[in-house]
Structure formats: structure tokens, C-alpha cells
Amino acid sequence: MKHLLAVVCIALTLFSCKPNLAYKEYLHNPDLFSSTVHQLNDVVMGNNFPPMIAARNYTYAAIAAYEVVVAGSPSKFTSLAGQLHGLTTLPAPDTTQPIDYDLAALLSYIKVGEAVTFPEGSMQQYKDSILKVVRDKGLPADIEKASQQFADTISAAIISWSKNDNYNKTRGAEKYTVNEKDPSRWVPTPPGYFQATEPHWKEIRPMVLDSANQFKEPPPFKFDITNKNSDYYKQVLQVKNATDSLTDEQKHMADFWDDNPNKLNVTGHIMFVSKKFTPSGHWMSIVGIASKTVHADYETTVCAFAKTGIALFDAFIECWWEKYTYNTIRPESVINKYIDVNWRPHLQTPSFPEYTCGHCTISASASEALTSLYGDHVAFTDSTELEFGIKNRSFKSFRSAADENVYGRFYGGIHFLPSAQIGHRLGKQVGEFIVEKLKMKK
């Protein structure tokens, strides 16, 4: 009997000394990283940032996380240092320290995501909630400390690099000048009549592109609204006729790809704003959905967010060069002035020039980045808009989603069809260039 009790005591002692590794199962789940991106998406939405600034946040944060992944798995992934403009060397980890690289990647994403644009602490509560869970699940203090230290080191380097991309300089740049004497030129649109959004974004330093106007597309049709045989008049009538007779499916398509982060609703004397994810936020959501669909591991999921973010970042710069080079008027403005003063598009017109379509450009670029990682035949259901009351849509590939986006913007009445098609073509070129130039997953 005494012998049996001794065996039991020894067994209990050994069991109690066994480390609790439950934190790893929770922490090393790629869904946790995707949820963290969604959390940043919520912060972006709450702060009313336009899509290109949102993309800037997502991209720098994802690059920081990716560089942590590279440090942890140098045989699988290649650093972006030396591949992205201005990013030279990055600090190496102290391999004598017990760093959990998945945790460090998560912490670096949070730190850079909130620091690039937001006030410090914007994601502190979320970070604290994650750390509480993993501590309760047995995360050793020395691993947490080492992981946090390396995350802080990488984050500091990425934040320092981000400060030289001309963003701060453009904050004080001259505002857009409205020229109502030129009938072809963009003017503010109802109901908010907001000033032009980020007219100097083409001055932001690209990540991979050689310049903001690297790819040459034809200029928009010459403004010729009085000639009913002109290409310009035909495209105006095309968007009006389509919007006036939308089917339920076409309305759903337009609403699904709306992604207006700051829609102003006006009813009599009552005004209120309804918020949704930006176009770049929508594609960050698609990355998470795609990664889960293909059962990507943690490291590859982080890589997908970084690569797609870079594609979005550079596509915005290229597109904004087009927008503020040609400064073209929106369908709503020209139709109201020359055809029907009471006409309204299905979607609310964004506050920047029409040519070329921004959402179409960045969507095509993002789809190329995702396709390069996961392939061209990944069927997925996009549930991004469900939390905003818009039902899901399913696609046979990332490229087919970008293809549909072209018609979503056209049916919304906010873009001429040629502009949407050219924007898509422009974005595809940007995405293909980035895919060709970047070496990430070995």
C-alpha cells in the first residue's frame, strides 16, 4: 500500500511539473492573427480614415509582423529589407532568448498598426485581452518578455522607416483647388460636398513601384457632353441608363463593393454617418477568409497580409496619380448639370476625381498578390459585408472577385464603365509587377 501511494505521489509531482502548453494552441492559430487584423480594421473604421490611409496602416503593420516571421523562419521566408524602397537592414533576434515568434509577430502588428497613424494605445485594450488569455493558458514570463522585446525592436525599425514616406509632409500640402470654370473638372458632390480627398497621395513613396506613374494608360475620353455621338456622351448615358434600371442582383453587387467608410445620410434636417470598412479593409478581410479557406499556417497567413498590403499600398499611389493628373468630373455632377438635375447614383459618390476607378485598381492589384500565394482556383465566400447587413457573395477565384468589382462600381453609378475597366487593368499591372519583384516565401 505504501509503495502504491509513493507511485501516485511521484506521478502527481511529475504531472504538476509538466509545463502548461495550452497557450501555444491558442497563440499559434492563424485565425488569431486574422482577428487582430480585423481589430485594426475596426479602429480604422472608427477613426474615419480614407482608404489609402487605411492601407498605409495595414501595410506597415503587416510588414513588421512579416519581418518577425522571417527572423523566426529564415529558411522559409526572405526579408523585405533591400526589396522595398528605403528599407535597408533590420535588427536580428537574440537567438539565446526564448522568443515565441508568433507572439512577437502579433505584438509587432499591434504596435505598428496603432503607431503609424493613430494615437498610441488605440489597440492597448485588445492587446491586454490577448496577453491575459495566453498568461492564463500558461505563457511563461520569460517567453513573453523576450517576445515583446523583439517585437518592440522590429516595430521601432519599421516605424522609423515609415516616417520617411512623405506622409507627414503631405499633411501640410496645399488643398485641392476647385475650378468651376472648367466643366470637365471635378467638383464636390452631394450630400456632403466634401473637399477632395488626399490630392497629394501620388507623392507618397512607393514600396515597390519605380514611380507613381510607372504604367501608362490612355487618358479619359475628351469632355464632349454636347455631342451625342461622342464617346464621352455615350459613356455618360450608359451609366445613367444602367443605374436607372438596376436589377436586385446588380444592386447587391454595387452595395457589396461600396465600402464607403463615411456615408452621410440626410433626411430632412437630420444627418447621420454610417460606417463600413474601406476598400482596403475589405481586401484585408478577404485575405483572412482566403487564408482560412486554404488552411494556411500562421507564417503564410502573415505573409499573405503583408504581400496584399504592399499591392494595395502601391496601387493607391499609381491610381491617385491618374486621378489628380486628369481631375475628371463624376457622373453625378455631369448628369445633374446637362441631363437630369434630380438624378442620383445608387451609391454615394466619393470625394475625389472620377478617372480612374480606385477600388477597381486596388482590387485587381490585391487579387494578383493573393493569387501568387494561393493559386487561381481558390473558391471562397466573402462574408466581409455581413456585419453591415449586406449578404455574402461567393467567387471562384480572387481574380473573379476583382472582375466583379468593376461592374459593382459601374452599377453604383459612381464610375463610367471605361474608367472602371482601365482601373482594373492598371491595378493588374501593379500587382503583376509586385509579384514579379518581391521574393518572400522561399
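1. The hairpin. In this predicted model, strand 1 and strand 2 form a hairpin with two residues between the strands, and Gly268 there takes a positive phi near 65°. Strand 1 covers residues 263–267 and strand 2 covers residues 270–274. The two pair in the antiparallel sense over five bridges. One pair of partners can be checked by eye: Thr267 has Ile270 in strand 2 as its bridge partner.

2. A positive phi outside glycine. Asn48 also deserves a look, since its phi is near 60°, a positive value in a residue other than glycine. To find Asn48, go to the loop between helix 3 (30–46) and helix 4 (51–72).

3. Cis peptide bonds. The peptide bond from Pro190 to Pro191 is cis, with omega near 0°. Pro191 sits in the loop between helix 8 and helix 9 (231–244). The bond from Tyr355 to Thr356 is cis too, with omega near 0°. Here the place is the loop between helix 13 (331–338) and helix 14, where Thr356 is found.

4. A helix pair. Two packed helices are described by the angle between their axes and the distance between the axes. For helix 12 and helix 14 the angle is about 150°, and the axes are 8 Å apart. Angles over 145 degrees count as roughly antiparallel, so helix 12 is roughly antiparallel to helix 14. The residues of their contact divide into 14 nonpolar, seven polar and two charged. The crossing of helix 12 and helix 14 is right-handed.

5. The largest pocket. Rolling a probe the size of a water molecule over the atoms shows where empty space is left. The largest pocket holds about 810 Å³ of space. Its lining has 43 residues, of which Pro50, Gln195, Thr197, Ser351 and Phe352 are the closest to the centre.

6. What lines the pocket. By residue kind, the lining of the largest pocket divides into 21 nonpolar, 15 polar and seven charged. Which helices each supply at least two residues of this lining? They are helix 8 (167–171), helix 12 (298–326) and helix 14 (358–374). The largest share, three residues, comes from helix 14. Helix 12 and helix 14 therefore appear twice in this note: they pack at an angle of about 150°, roughly antiparallel, and each supplies at least two residues of the pocket lining.

Terms used
Residues are numbered from 1 along each chain as its sequence is written. This is a predicted model: local features need pLDDT of at least 70, side-chain atom pairs count only at pLDDT 80 or more; totals for chains, interfaces and linings use all residues. Side-chain values use heavy atoms; hydrogens and water are left out. On a 1 Å grid over the protein atoms alone, a cavity is a set of points where a 1.4 Å probe fits but cannot get out, and a pocket is an open set with protein on both sides within 12 Å along at least five of seven lines; lining residues have an atom within 4 Å of a point. Grid points are joined across faces, edges and corners, and a volume is the space filled by probe spheres set on the points. Helices (H or I, at least four residues) and strands (E, at least two) are DSSP runs, numbered from the N terminus. Ala, Val, Leu, Ile, Met, Phe, Trp, Tyr, Cys and Pro count as nonpolar, Asp, Glu, Lys and Arg as charged, and the others, Gly among them, as polar. Axes are lines fitted to C-alpha atoms, for helices over the stretch in contact, and angles run from 0 to 180 degrees between N-to-C directions. Angles under 35 degrees count as roughly parallel, over 145 as roughly antiparallel, 65 to 115 as roughly perpendicular and the rest as oblique. A crossing is left-handed if the near helix is turned anticlockwise from the far one by less than a right angle, and right-handed if clockwise. Two strands pair if DSSP finds at least two bridges between them.
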